[in-house]
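Me: I am new to this and would like to learn how to read a protein fold. Could you walk me through it, one feature at a time?

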Amino acid sequence: MSSAGIHSPTATGTSNSMADSEHPRLILHDFLSPDLCKGFTYKSIDLQELEFIHKSCSTIGYRENVFSTTLSHLIATNSPHLILPFLPIREKLKEKVEEFFGCEYELFIEFTGLISWCKGASIGWHSDDNRPYLKQRDYAAVCYLNSYGVDFNGGLFHFQDGNPATFVPMAGDVLIYTADTRNVHSVEEITNGERLTLTLWFTRDKSHDEDVKLISSLTKHPCNSSDTYSKPYLPFPASQNMYWFPSEESLKYQSGFDIRCGRLHVLGYQFCCKDARVKSSMDFSDILLEPLHLVKGNDLFDKEFSNILHLLQVVQFYHWKGPTELKRSEFKMEAMNVVQVSMSQREEIRLLKVESLKDEDLAEVIFNGGGSVEHDWVSFCDVVDLWEAYTSNLWDNLVFRLPDWIANQSIFYE
């Protein structure tokens with residue numbers, strides 16, 4: 001495949017890509033390398049942490065075969081604490097865009113989202129402000145969280161005019177450009193894998209400031225309440241149609257699959273209800289809101305998860321951290337609560353799979369497997385405590401910082 005127009009990284013990780021002033025754009029190679037991440041008060045940016053959030057929380061996206069995780073959606077599904085890992089890179093990208101385009105302290109973040117493109121996803125020539133409701137967008141920054149040729153194939157980014165003409169993304173690279181017709185671009189069809197980006201748009205129009213809208217939602221959220229209760233950070237799913245793929249099937253659910261169940265399936269997991277039987281009077285989407293048990297092969301993990309999102313977050317956290325790291329953890333491993341699946345549970349698991357994966361082959365094509373982490377129940381027992389500690393720490397941090405956010409009408413991590 002041609003690499004025309006692709007720049008090699010310089011010593012600072014930045015390519016000299018604004019030679020053509022008619023098409024202002026900037027490529028930052030290895031922007032998220034450890035050296036560039038130093039100095040944040042939160043921690044170094046972890047691309048895998050953002051991937052964990054996306055694979056735990058994403059919904060059907062704005063285009064065919066695209067999935068997205070927005071900050072507003074995290075708030076709506078009782079995971080507002082998961083906004084915090086976005087903040088270091090969000091602030092660093094805003095600073096870089098303002099510096100590059102000479103508009104320091106003039107920009108507001110209009111949108112922040114994790115966006116993944118799966119097999120079949122593509123988009124033709126367009127500018128990012130090509131709709132009346134997008135005219136407020138001035139600049140875009142696309143940060144790649146995984147790599148072409150390793151995690152996905154296809155999906156190359158092309159500019160219609162100017163140089164570089166083609167961009168081959170690698171994890172940690174950032175592409176910055178104007179959102180207008182000076183930078184018309186397209187994205188090739190994904191042929192394999194899942195191409196994951198953190199995408200931000202910036203605006204000079206304060207009325208489109210994302211922070212103000214997010215803070216308004218947070219002020220109405222339980223995290224802003226003095227009332228306390230056990231484990232307030234447990235996630236709660238959105239409506240079922242936001243998780244059904246393809247989206248046009250979400251009114252009848254006769255084909256396709258639930259993307260939460262699909263992600264579990266490609267990792268080799270299933271689930272069953274607390275009462276070990278499917279109630280014929282209960283709708284499938286209601287079952288996913290009930291306490292669930294995790295199943296792997298003939299083993300059932302005898303611990304309740306509050307709903308499908310809670311279960312999925314813990315599983316994805318396990319695959320983020322990996323058994324090797326978990327075994328080195330300081331947490332004391334609990335006795336394993338693993339029992340054999342009963343005959344009645346086996347039938348229930350089958351029925352739930354039929355309902356959640358009308359087309360399991362499609363789920364495997366779209367998500368292309370889920371990773372090579374070997375499952376180990378000892379480590380998984382440990383991950384339950386690790387997820388609790390990770391999540392409650394973020395929640396407490398959010399609660400601590402929220403009054404300053406409200407007072408300043410700005411979301412920051414300083």
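Me: Let's start with strand pairing. How many bridges join strand 2 to strand 3?
Reply: Strands of a sheet pair through backbone hydrogen bonds, either parallel or antiparallel. In this predicted model, strand 2 (residues 59-60) and strand 3 run antiparallel and are joined by 2 bridges. To find the register, look at Thr59: its bridge partner in strand 3 is Ser68.

Me: What do strand 2 and strand 3 form, and how many residues lie between them?
Reply: They form a hairpin, with 5 residues between the two strands. Look for Asn65 in the turn, which has a positive phi of about 65 degrees.

Me: Which strand pairs with strand 3 over 5 bridges?
Reply: That is strand 4 (residues 108-118), and this pairing is antiparallel too. Here Thr69 has Leu114 of strand 4 as its bridge partner.

Me: Are the faces of strand 3 covered or open?
Reply: In a regular strand the side chains alternate between the two faces of the sheet. In strand 3, Val66, Ser68 and Thr70 lie on one side, Phe67 and Thr69 on the other, and all are buried. That fits the count for residues 66-70, where 5 of 5 are buried. For the protein chain, 53% of its 414 residues count as buried.

Me: Now a sheet. What is the strand order in the open sheet of 4 strands?
Reply: The order is 5-11-8-9, with antiparallel pairing. Strand 5 (123-126) and strand 9 (166-167) are the edge strands, each pairing on one side only. Further in, strand 8 (residues 157-159) and strand 11 (residues 185-187) share 3 bridges. Phe157 stands opposite Val187 of strand 11 there.

Me: And helices? At what angle do the axes of helix 6 and helix 10 cross?
Reply: Two packed helices are described by the angle between their axes and the distance between the axes. The axes of helix 6 (residues 259-266) and helix 10 (residues 360-367) cross at roughly 80 degrees and come within 9 Å. Helix 6 is therefore roughly perpendicular to helix 10.

Me: Which residues of helix 6 and helix 10 meet?
Reply: From helix 6 come Ile259, Gly262, Arg263, His265 and Val266, and they meet Glu360, Ala363, Glu364 and Phe367 of helix 10. Sorted by class, this contact has 4 nonpolar, 2 polar and 3 charged residues.

Me: To finish, how many helices and strands are in the protein chain?
Reply: There are 11 helices and 18 strands. Of the contacts between residues at least 6 apart in sequence, 78% join residues at least 24 apart.

Terms used. Residues numbered from 1 in each chain as written. Predicted model: local features only at pLDDT ≥ 70, side-chain atom pairs only at ≥ 80, totals over all residues. Heavy atoms only, no water. Buried < 20%, exposed > 50% of the residue type's maximum accessible area, 1.4 Å probe, protein only. Pairing = 2+ DSSP bridges. Contact = heavy atoms within 4.5 Å. Axes fitted to C-alpha atoms, helices over the stretch in contact; angles between N-to-C directions. Parallel < 35°, antiparallel > 145°, perpendicular 65-115°, else oblique. Nonpolar A, V, L, I, M, F, W, Y, C, P; charged D, E, K, R; others polar.
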